[in-house]
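Here is an informal walk through one protein chain. Have the viewer open and follow along from section to section.

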Amino acid sequence: MSRRKRPNWVNKIASERMQILFNQAEEEFSTHPERSDRYVKLTRDISTKYNIPLPDYWRGRFCKNCNKFLKPGFNLRVRLKDNMIHRQCLECGHVTRVPYTKKDK
C-alpha cells in the first residue's frame, strides 16, 4: 500500500505558517521568551508532520536539544575555534559545531 502525496497547496500553507511563527518568535523574544520557545516547537512540529525541511537561515536559530529560540548574546554563545563555529545554548549547554573555511584575499 502506497502513501499518497499531499497536494502542493497544503505544503505551501504549512511553509507560510512556519515563516509566520518564526517571525513572531523573533519579535516576541525580548518580551516573552517562553512564547518564542513555543513558536519554535510549533514550527518544528509542522516541519515534521508535513515533511518540509527548514531553510538554512532558520536551522541555527533554535537549539536542537531543548527547542529554545536562540539569540546571540542572550542565550547563545558563539565562538570560532579550529575552523569550527561553536554555538553553545546557554539554556541546556548543548554545543553545535559547524565547519567553516577562511576566504583567501
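What follows covers the core, the aromatic pairs, the sheet and a few backbone details.

## What kind of model this is

Keep in mind that this is a predicted model. The values below are computed from its atoms.

## The nonpolar core

Let's start inside. The largest nonpolar core has 14 residues, and the members that touch the most others are Met18, Phe22, Ile46, Leu54, Trp58, Phe62 and Phe69. Helix H1 (8-28) and H2 are the elements that give two or more residues to this core. H1 supplies the largest share, with five residues. As background, nonpolar side chains tend to be buried together in soluble globular proteins.

Phe22 is a good residue to click on. Its relative accessibility is 4%, and because buried means under 20%, Phe22 counts as buried. Once neighbours within four places in sequence are set aside, Phe22 is in contact with Thr43, Leu54, Trp58, Arg61, Phe62 and Phe69. Among these partners, Leu54, Trp58, Phe62 and Phe69 are also listed with Phe22 as core members that touch the most others.

## Aromatic pairs

How many aromatic pairs are there? The count comes to five. One of them joins Phe22 and Phe62: the ring centres are 6.1 Å apart and the planes sit at 50°, so this pair is tilted. Phe22 belongs to helix H1 while Phe62 is in the loop between H3 and E1, so the pair ties together parts that are 40 residues apart in sequence. Phe62 is buried, at 4% relative accessibility.

Another pair is made by Phe29 and Phe74, with ring centres 6.0 Å apart and planes at 75°, so it is edge-to-face. Here, Phe29 comes from the loop between H1 and H2 and Phe74 from the loop between H3 and E1, so parts 45 residues apart in sequence are tied together. Are these two rings buried or exposed? Phe29 is buried, with a relative accessible area of 10%, whereas Phe74 is exposed, at 59%.

Back around Phe22, ring pairs link Phe22, Tyr57, Trp58 and Phe62 into a cluster. Phe62 has a charged companion too: Lys64 lies over the face of its ring, 5.1 Å from the ring centre.

## The three-stranded sheet

Now over to the strands. They form an open sheet of three, in the order E1-E2-E3, with antiparallel pairing. E1 and strand E3 (95-99) are the edge strands, each pairing on one side only. On average, neighbouring strands of this sheet are turned by 20° against each other, direction ignored.

E1 and strand E2 (residues 84-89) run antiparallel and are joined by six bridges. One such partnership is Lys81 with Met84 of E2. On the other side, five bridges join E2 to E3, again antiparallel. Gln88 has Val95 in E3 as its bridge partner, and Arg87 stands opposite Thr96 in E3.

His86 is worth a look within strand E2. Its relative accessible area is 16%, and because the limit for buried is under 20%, His86 is buried. Leaving out neighbours within four places in sequence, His86 is in contact with Arg77, Val78, Arg79, Lys81, Val95, Thr96 and Arg97. Of these, Val95 and Thr96 also appear as E3 partners: Val95 for Gln88, and Thr96 for Arg87.

## Turns and positive phi values

Each hairpin has a residue to check on a Ramachandran plot. E1 and E2 form a hairpin with two residues between them, and Asp82 in the turn has a positive phi of about 50°. In the hairpin of E2 and E3, five residues lie between the strands, and Gly93 takes a positive phi near 90°.

Where do the loops show positive phi in residues other than glycine? Asn51 has a phi near 55°, and this residue is found in the loop between helix H2 (33-49) and helix H3 (56-59). Asn51 is exposed, with a relative accessible area of 68%. Asn67 has a phi near 60°, and Asn67 lies in the loop between H3 and strand E1 (76-81). That loop between H3 and E1 also holds Phe62 and Phe74.

Terms used:
Residues numbered from 1 in each chain as written. Predicted model: local features only at pLDDT ≥ 70, side-chain atom pairs only at ≥ 80, totals over all residues. Heavy atoms only, no water. Helix = DSSP H or I, 4+ residues; strand = E, 2+ residues; numbered from the N terminus. Buried < 20%, exposed > 50% of the residue type's maximum accessible area, 1.4 Å probe, protein only. Core = buried A, V, L, I, M, F, W, Y, C linked by side-chain atoms within 4.5 Å. Contact = heavy atoms within 4.5 Å. Pairing = 2+ DSSP bridges. Axes fitted to C-alpha atoms, helices over the stretch in contact; angles between N-to-C directions. Phe/Tyr/Trp six-rings, centres within 6.5 Å; stacked < 30°, edge-to-face > 60°. Lys NZ or Arg CZ within 6 Å of the ring centre and 35° of its normal.
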